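Reader: Hey, got a minute to walk me through this model? I'd like to start with the core and then look at the sheet.

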Amino acid sequence: MPANPLADLAVPPEEMISLPPKPDSNSGFLIWPMSETFTMNYKNFSAIYPNYLDSNKTIKLGRRIAAKDAVSEPTIQDIHEALASLSIRHVIQPHKGYSRDAVSRWDNPGRVLVDLDGAAERGVLDGALGMRPDGTFDLEDDVPDMGAGQEGIDNGETTAKKKKLMRKLAVIIRDLPNRKKRLIELKAREDAEKLKSVESGNATSGGTSNGQGGNRKKKGKKKK
């Protein structure tokens, strides 16, 4: 039997790239408070995706409050910490993704299911409507009321509650210690990568210049 002429081109098994399996979107749920892990009924909780609070996103990509009231690149961890500070029951679903924004499904995945009714009954949402970081209020915004429930479209009352809560969460998220630490570390990594890129570019440029300079012949006057 003739040998395979392409055998030498085959990639060895140890050098092959194996992609991790896609996580199950219905797994990895985290219940807060943990004491209700086996008893909480979150079927009627409302979903909040990071996009809903992200000032960098457009309305088309999911932002649900005015950009001036939102916060830059919040994560589900930020939302969780803000909700926990308000003692609001919630469920973290780390493998869920916002369907209208393919980028966030990879770069900033997850969503949080929130007990809006429980928060309203306890008075957590009182005075939260339109509150900005500077203490002023904007009772209306130009963001349309679009579907934001787990599966269907929230009614007007639920949407109003959710907007109140999201504005309040955005204010809290801005000052979270873990978020500030994460942003500082992220900026340090970005600066280091930029510096490395500049140094690499300078080295390449210098080497090319020296190489060209070594091959150049000096021009002089021709002897008569």
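**Core and sheet**

Author: Sure. In this predicted model, the largest nonpolar core has 33 residues, and those with the most contacts inside it are Ile48, Leu53, Ile79, Leu83, Ile88, Leu165 and Leu169. A nonpolar core here is a set of buried Ala, Val, Leu, Ile, Met, Phe, Trp, Tyr and Cys residues joined through side-chain atoms within 4.5 Å; buried means under 20% relative accessible area (1.4 Å probe, protein chains only).

Reader: Which helix or strand gives the most to this core?

Author: H5 does, with five residues. Helices (H or I, at least four residues) and strands (E, at least two) are DSSP runs, numbered from the N terminus.

Reader: And what does Leu53 touch?

Author: Leaving out residues up to four places away in sequence, Leu53 touches Ile65, Ala70, Val71, Pro74, Ile79, Met166, Leu169 and Ile173. Contact means heavy atoms within 4.5 Å.

Reader: Switching to the sheet: what's the strand order?

Author: E1-E3-E4-E2, an open sheet of four strands with antiparallel pairing. Two strands pair if DSSP finds at least two bridges between them. E1 (30–32) and E2 are at the edges with a single partner strand each, so one side of each has no neighbour in the sheet.

Reader: How many bridges between E2 and E4?

Author: Three, in the antiparallel sense. Ser46 has Val114 in E4 as its bridge partner.

Reader: Any caveats on numbering or confidence?

Author: Residues are numbered from 1 along each chain as its sequence is written, and side-chain values use heavy atoms, without hydrogens and water. Local features need pLDDT of at least 70 and side-chain atom pairs count only at pLDDT 80 or more, while totals for chains, interfaces and linings use all residues.

How values were computed:
Buried < 20%, exposed > 50% of the residue type's maximum accessible area, 1.4 Å probe, protein only.
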